[in-house]
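Grab a coffee and open your favourite viewer. Below you'll find a handful of exercises, each with a solution worked out in steps.

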Amino acid sequence: MTYKETLDFLYSQLPAYHRIGKAAYKNDLKNTKYLDEYFGSPHRKYRTIHIAGTNGKGSVSHITASMLQEAGYKTGLYTSPHLRDFRERIRVDGEMIPENEVIAFVDNHRDLLEELSPSFFEMSVAMAFDYFERCRVDIAVIEVGLGGRLDSTNIISPVLSVITNIGHDHMDLLGDTLEKVASEKAGIIKHGIPVVIGETHEETKDVFIEKANAEHAEIFFADRNYSCILGDMDMTGQGRKFEICETGKPVIFHGLTPLEGDYQKANLQTMAQVYTCLRRSFRIDEEDFINGIRNVVKNTGLQGRWQILRREPLVICDTGHNLEGLKYVIKQVSDLPAGTRHFVLGFVSDKDIASVLPLFPEDAVYYFTKAKVPRAMDEKKLKDAACKFGLAGECYATVTEAYEAAVKNAKPIDTVFIGGSTFVVAEVI
């Protein structure tokens, strides 16, 4: 098979959450454990770091991998979903898994895949773990897909667990309260393994403390131990300045980050705690930490986080798609000293848009559209819903048409923002 034929087979044979949503979710680890045994438990051959959370887990995963690469470790990185190419999910030292490896995996194990019919995510986890072993990585950074307790990645015994934060996302699957969501994510806390919690919230902190105590796991709340200050947004492409302080002490880290979203403040605080914990087990110094942050895009290929695509007009895209993520992003867009704001906007059909549409400014121009995935919300339905919140604009059948119209209509001093759904961002990038 060709690479395209291989992907066509995977998408047609295996239910993929990023394409069809809830129907692809598996609420047990039966298939994952079977695949793990079939491949000889490859994840036991290298050390791992496990990272969960509603928002920020992608950025923290990439920065952690970048830091380890700067320290000279051969580093695997597993993340999801991908933006343009499936291979983005599986990287070693920043290089995507080769196409021939993906083809060979499916060719060699096609009978098993057809018989077992794992989810797309279960299959991709098995592929990643197997590939990392064959590449002889020193360590792999593993991002949780959804939740934690029943996520396919949750068979590893990491050296460190990280939960960035808890927010209102996937509550139809993980629970209808923040405490229930936190309980699912706390499922990655393992016996005797230290855990970093990125953000402290009154509704959820006791959930993590109780789970950590039950597992005799040392627990660190990053925002209680570290604080981060971000400088003004950089328009030169050099990066945004940051300073990190340990609570009650002077600045201990400072540098530049190419990830310029305001929400990265919380992620950098989390990373300071991750760095401190990992120094116990790895040869990592302050320079590796600072360079890991500064070179994360170059080292790991991270995209879609407050990514500036052009300058005149200023065009920005961001994959933030839930209440907490969009709140930060939209405020940052609104604070920009620019002219008219143009929003290229699309969502998935199972998104509770009534909770996020009030965040968007009424004094902006909207280009309602849908991505080329089965889950995409019809652009006319989105426009009707947005009108109820005072958001005015036109419908466009494709993301490309919406984006081109926004750039054409925007003056050099204007801002164009693309977002709402990861899939909308993916098509523009």
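The exercises below go from overall shape to sheets, then to backbone oddities and cysteines. Keep in mind that this is a predicted model.

**Exercise 1. Work out how compact the protein is for its 429 residues.**

Solution.
- Step 1: count the secondary structure, which comes to 18 helices and 17 strands.
- Step 2: take the radius of gyration, which is 21 Å, and set it beside the 22 Å from the globule rule. The two are close, so the protein is as compact as a globular protein of that length.
- Step 3: get the box. Along the principal axes, the C-alpha atoms fill roughly 60 × 55 × 40 Å.
- Step 4: look at burial and surface. Of the 429 residues, 59% count as buried, and the exposed surface is about 17700 Å², with carbon and sulfur atoms supplying 47% of it.
- Step 5: check the contacts. Among those with a separation of 6 or more, 73% are between residues 24 or more positions apart.

**Exercise 2. Find the strand order in the open sheet of 8 strands, and say which strands stand at its edges.**

Solution.
- Step 1: follow the pairings across the sheet, which give E4-E3-E2-E5-E1-E6-E7-E8, with mixed pairing.
- Step 2: pick out the strands that pair on one side only; these are E4 (95-96) and E8 (219-221).
- Step 3: see where the mix comes from. E1 (residues 47-52) runs parallel to E5, joined by 5 bridges, and E2 (residues 75-78) is also parallel to E5, over 4 bridges. E2 and E3 (residues 90-92), on the other hand, are antiparallel over 3 bridges.
- Step 4: pin the register with residue pairs. Isoleucine 142 in E5 has histidine 50 opposite and is also the bridge partner of tyrosine 78. Between E2 and E3, leucine 77 faces arginine 91.

**Exercise 3. Is strand E5 enclosed or open to the outside?**

Solution.
- Step 1: count buried residues in E5 (residues 139-143), using the cut-off of under 20% relative accessible area. The count is 5 of 5, so the strand is largely enclosed by the rest of the structure.
- Step 2: sort the side chains by face. In a regular strand they alternate between the two faces of the sheet.
- Step 3: apply that here. Ile139, Val141 and Glu143 sit on one side, Ala140 and Ile142 on the other, and both faces are covered.
- Step 4: look for a helix packed there. Helix H4 (residues 57-70) lies across E1, E2, E5 and E6 (160-163), at about 170° to E5.

**Exercise 4. Describe the open sheet of 3 strands and the helix that lies across E10 and E11.**

Solution.
- Step 1: the order is E9-E10-E11, with antiparallel pairing.
- Step 2: E9 (226-230) and E11 (251-257) each have a single partner strand, so one side of each lacks a neighbour in the sheet.
- Step 3: ignoring direction, neighbouring strands are turned by 20° against each other on average.
- Step 4: E10 (residues 240-246) and E11 share 6 bridges; phenylalanine 242 partners glycine 255 in E11.
- Step 5: the helix is H12 (residues 286-294), and its angle to E11 is about 30°.

**Exercise 5. Where do the cis peptide bonds and the positive phi values of histidine 216 and tryptophan 306 fall?**

Solution.
- Step 1: recall the background. Most residues other than glycine have a negative phi, and most peptide bonds are trans.
- Step 2: serine 80 and proline 81 are joined by a cis bond with omega about -10°, and proline 81 is in the loop between E2 and E3.
- Step 3: glutamate 312 and proline 313 are joined by a cis bond too, with omega about 0°. Proline 313 is in the loop between E12 (307-310) and E13 (314-317).
- Step 4: histidine 216 has phi near 55° and sits in the loop between H9 (205-214) and E8. At 59% relative accessibility, this histidine counts as exposed.
- Step 5: tryptophan 306, with phi near 45°, lies in the loop between H13 (296-300) and E12. At 3%, this tryptophan counts as buried.

**Exercise 6. Why is there no bond between the sulfurs of cysteine 395 and cysteine 387?**

Solution.
- Step 1: search the whole structure, which turns up 0 disulfides.
- Step 2: the sulfur of cysteine 395 has its closest cysteine sulfur in cysteine 387, 8.3 Å away, and that is too far for a bond. The cut-off is within 2.5 Å.
- Step 3: add accessibility. Cysteine 387 is partly exposed at 43%, and cysteine 395 is partly exposed at 28%.

Methods:
Residues numbered from 1 in each chain as written. Predicted model: local features only at pLDDT ≥ 70, side-chain atom pairs only at ≥ 80, totals over all residues. Heavy atoms only, no water. Buried < 20%, exposed > 50% of the residue type's maximum accessible area, 1.4 Å probe, protein only. Pairing = 2+ DSSP bridges. Helix = DSSP H or I, 4+ residues; strand = E, 2+ residues; numbered from the N terminus. Axes fitted to C-alpha atoms, helices over the stretch in contact; angles between N-to-C directions. Contact = heavy atoms within 4.5 Å. Rg over C-alpha atoms; globule rule 2.2 N^0.38 Å. Areas by Shrake-Rupley, 256 points an atom, 1.4 Å probe, with all protein chains shown as cover.
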